[in-house]
Structures are given as structure tokens and as C-alpha cells.
Amino acid sequence: MKTMESPISDILFDLGQVLVPFDRGIGLQRLRPHLPPKQARLLDEDQAAFLEQFDEPAIALEKGEIEFDLFRLVVESILGVRIAGEDFRMIWCDIFRLDDAMVDLGESLARRYGTWLVSNTSREHYEWIIGKFPRIVF
């Protein structure tokens, strides 16, 4: 019996919310102790409004238009805080967890197909994720 060759040759995996789900709330809770009272109140009362304050620089970071150190300085200025670079990096980046089932699927498919990792995330998040979860590079 002749088998039909699959028309599929490659599979794309998105990074965020597929291989590595994330929760911004984790970062916000780590950020909260650094905030002045007015900003902490805004975070507690209206998380969307709090996040909206730095939407523009966050989008610029994800597009690669600004570097992470400049992003940190802009966010610090907006929020009226000073946070050590590594502490800020932890707050911003350590919000991901590995979806083992999806990575298992990716590893399995990589044996038969070309697999590609795609994402619109920032370089900082990408490097953090790859460093913390090297298994996703299948």
C-alpha cells in the first residue's frame, strides 16, 4: 500500500502562551514593594491603567526599537522608582513557566518535521526564557 507524503514540512511554535505561558501578575507583585504609595494604589485599584503608563516603551522594547537598559530607565522615570538592574530584570522577566506537554509535543514533532520557534517577544524575554528553559530549543 502506497502512503501519501504529508504536505506539511515545517511547524511553527509560538513562544509566549504556547511553550511558555506567562503571568504578568507575578512581576507586578514583585514590583509592588518598590512603588511609591500613589503608584501602589493605582496598581491595586486599576491594574490596566497602571500597565498603560508604560505601554509605549514596552511595545518599543518588543519591537527592538529600544534596549532593555533604556526601557528600565523609562519605566523607572514613569513610576518614580529606582530599582537595581538585576532586580528589575527579575521583575520583568521571571514571569514564565514551561508547558511540559507542549514541549513534549514539539520534541516529538521535531523528529518528523522542521520545527521553528517564533515570537514577538523582546530580546530580553527571549534570552531569559532560553536560559531558564533550554529544553524548548528542540
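How many aromatic pairs does the structure hold? I looked this up first and noted eight aromatic pairs, where rings of Phe, Tyr and Trp (its six-membered ring) pair if their centres lie within 6.5 Å, with planes under 30 degrees apart counted as stacked, over 60 as edge-to-face and the rest as tilted.

Before going on, I noted that this is a predicted model, in which local features need pLDDT of at least 70 and side-chain atom pairs count only at pLDDT 80 or more, while totals for chains, interfaces and linings use all residues. Residues are numbered from 1 along each chain as its sequence is written, and side-chain values use heavy atoms, with hydrogens and water left out.

I then looked up Phe13 and Phe138, which form an edge-to-face pair, 5.3 Å centre to centre with 85° between the planes. Phe13 lies in strand β1 (residues 10–14) and Phe138 in the segment after α8 (123–132), so the pair ties together parts that are 125 residues apart in sequence; strands (E, at least two residues) and helices (H or I, at least four) are DSSP runs, numbered from the N terminus. Phe13 is buried at 5% relative accessibility, whereas Phe138 is partly exposed at 28%; buried means under 20% relative accessible area, exposed over 50% and partly exposed in between (1.4 Å probe, protein chains only).

My next entry is Phe68 and Phe88, whose ring centres are 5.7 Å apart with planes at 50°, so the pair is tilted. Because Phe68 lies in helix α5 (residues 68–79) and Phe88 in helix α6 (residues 85–93), this pair ties together parts 20 residues apart in sequence. I found both Phe68 and Phe88 buried, and both belong to one aromatic cluster with Phe50, Phe54, Phe71 and Trp92.
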